[in-house]
Amino acid sequence: MTTNQTTADVLVVGSGIAGCAAALGAAREGAEVLVVTKATRPEETTSHWAQGGIATTRSDPDAFEQDVLDASDGTANPEAVSVLVENAREAVDDVIVDTLGVEFDRDGDHFDYGREAAHSESRILHVDASTGRHVLGPFLSHLDDHEQVTVRTDTAALDLITHEGRVHGAMVDCGDESENGSDNQFEPVFAGTTVLATGGIGALYGTSTNPETATGDGVAMAALAGADVDDMAYVQFHPTAYAGENPFLLSEAVRGEGALLRNADGERFMPDYHPDAELAPRDVVARAVADEREATGKVLLDVSPIDFESEFPDLASECEQRGVEWDEGIPVEPSEHFLCGGLAVDDEGQTSLDRLFAVGECACTGVHGANRLASTSLLEGLVWGLRAGESASGYNPEVVEAPDLRDSDPDLPSGFASEKFVRLRRVMDEQVGIRRTPDGLQRAAAVLRRLKGEVDAYARTRTARDLYELRNATVVSLLVVRDAIEAEPVGCHALAGDPDETDAPNETDGTETEVPNASD
């Protein structure tokens with residue numbers, strides 16, 4: 001076991017908006033904070049990729065709460081939704097506007113609030129259609145200048161350090177060189193409390209709006225340590241990702257301004273699927289787009305009703321780079337976007353493990369239930385990040401025996417991790433995608449169990465970042481499948497062939513089936 005070590009009052013794993021907010025919240029309470037992130041630049045965080053904006057409370061908080069509940073098909077936790085809405089305006093004003101000085105788009109002297117799917121009014125603060133990058137960059141710069149916060153990039157957490165049910169920090173991969181100047185690449189970071197803010201699971205799917213670094217690390221590490229997870233079946237697909245090489249997200253704000261969805265026959269089809277048409281809840285629109293693509297060959301986002309280039313210059317630039325003539329419609333398809341579930345936490349981000357917190361997409365606060373309302377992810381990360389950082393302060397680090405990460409065997413076979421990822425993504429795309437079947441989920445569970453066994457055989461005696469990312473991805477994939485086998489088919493979790501498409505009961509052939517555990 002390495003003798004090099006680092007200590008901090010609060011260890012934050014991840015550098016998206018939730019991790020940054022947790023670091024800020026803890027530092028404001030006087031804690032010495034260490035942020036470790038495997039990202040080497042902001043573009044490798046999910047927050048940077050967020051487009052639409054940050055929903056906030058305007059004149060009618062009750063309407064905001066009801067919109068969140070309605071979008072979730074009534075499955076969100078009302079108490080969690082109240083926490084989100086009651087703290088929304090103060091958190092945004094305090095951190096994003098006053099502390100970071102983010103210049104949201106304006107209409108004259110007032111904010112230019114946008115509207116997106118399933119919102120009953122315009123309440124979304126935005127910077128063009130690339131809000132994430134305009135928030136995260138200033139946030140990271142602010143933390144870089146904060147005397148009580150240290151940020152270490154290219155530093156991946158590999159395993160949590162636990163002792164007698166308490167989390168004491170994490171073992172980290174320091175990249176090319178240890179922070180302590182040692183040749184040892186792996187070292188323990190001991191902390192009074194640990195906050196996981198590792199983002200989503202987009203790397204588990206072939207097409208995703210997430211960066212390729214989104215391998216579910218926080219969920220997997222905590223689940224392997226015994227933490228509770230919830231709502232893992234509910235993986236949200238965004239309905240309008242560019243369907244071509246180098247895909248990118250076309251924000252729901254485009255439809256909020258009046259863009260329409262048309263199939264290959266030129267027909268506007270969303271009114272046939274939902275009374276709110278293009279502004280129906282995200283899960284409804286995503287399945288409709290998938291159905292029309294299958295039936296007619298393609299779906300186009302018709303932006304002719306709006307001044308696309310003027311209103312969404314960033315998206316227009318993305319189209320120009322790919323040679324897309326947006327006047328003829330932009331080809332779109334559903335793409336994995338957001339994990340509504342994750343590590344089960346309370347209203348301050350505390351997990352079921354002592355002194356372990358989770359915030360952002362890797363956490364399940366109960367706000368989203370089975371389907372997330374547009375432009376609530378950055379807000380949730382901000383609100384819960386601040387609350388978790390404050391609550392995580394006041395504990396001193398304890399040095400305990402750290403796990404011995406063995407690296408005694410030869411290097412992995414060439415291409416091992418990348419080849420296994422191809423296999424994992426194939427089964428997730430085919431069996432655990434936008435529509436699922438009970439039989440398909442059982443087949444996926446069997447394939448993933450075997451895959452995890454192969455990965456574990458190497459991980460027992462080898463330590464490498466790509467191997468641990470693959471381990472994490474297989475663990476999280478199994479957790480998604482396990483919950484999908486048991487979960488009610490509602491919201492994001494739809495079973496193919498249901499008479500009512502989204503609301504039919506989850507029926508099987510009545511046979512008992514083994515359900516995989518994270519440690520299988």
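**A helix pair and the enclosed cavities**

In this predicted model, helix H3, which spans residues 61-71, packs with helix H4, residues 78-99, at an angle of about 135°, and their axes lie 10 Å apart. Since an angle is called roughly antiparallel when it is over 145 degrees, the value of about 135° makes H3 oblique to H4. The crossing of H3 and H4 is right-handed. On the H3 side the contact is made by Pro61, Phe64, Glu65, Val68 and Leu69, while H4 contributes Pro78, Val81, Ser82 and Val85. Sorted by character, the residues of this contact between H3 and H4 comprise seven nonpolar, one polar and one charged.

From the helix pair we turn to the enclosed space, where the count comes to three cavities of 30 Å³ or more. The largest cavity, with a volume of about 50 Å³, is lined by Val235, Gln236, Phe237, Asp283, Ala286, Arg287, Asn371, Ile434 and Cys492. Strand S12 (235-242) and helix H8 (282-296) are the elements that give two or more residues to this lining, and the lining of the largest cavity divides into five nonpolar, two polar and two charged residues.

The second largest cavity holds about 50 Å³ of space, and its lining consists of Lys38, Ala156, Ala157, Leu158, Asp217, Arg465, Tyr468, Glu469, Arg471 and Asn472. At least two residues of that lining come from each of strand S8 (156-163) and helix H14 (465-486), with H14 supplying the largest share, five residues. By character, the lining of the second largest cavity divides into four nonpolar, one polar and five charged residues.

Methods: Residues are numbered from 1 along each chain as its sequence is written. This is a predicted model: local features need pLDDT of at least 70, side-chain atom pairs count only at pLDDT 80 or more; totals for chains, interfaces and linings use all residues. Side-chain values use heavy atoms; hydrogens and water are left out. Axes are lines fitted to C-alpha atoms, for helices over the stretch in contact, and angles run from 0 to 180 degrees between N-to-C directions. Helices (H or I, at least four residues) and strands (E, at least two) are DSSP runs, numbered from the N terminus. Angles under 35 degrees count as roughly parallel, over 145 as roughly antiparallel, 65 to 115 as roughly perpendicular and the rest as oblique. A crossing is left-handed if the near helix is turned anticlockwise from the far one by less than a right angle, and right-handed if clockwise. Contact means heavy atoms within 4.5 Å. Ala, Val, Leu, Ile, Met, Phe, Trp, Tyr, Cys and Pro count as nonpolar, Asp, Glu, Lys and Arg as charged, and the others, Gly among them, as polar. On a 1 Å grid over the protein atoms alone, a cavity is a set of points where a 1.4 Å probe fits but cannot get out, and a pocket is an open set with protein on both sides within 12 Å along at least five of seven lines; lining residues have an atom within 4 Å of a point. Grid points are joined across faces, edges and corners, and a volume is the space filled by probe spheres set on the points.
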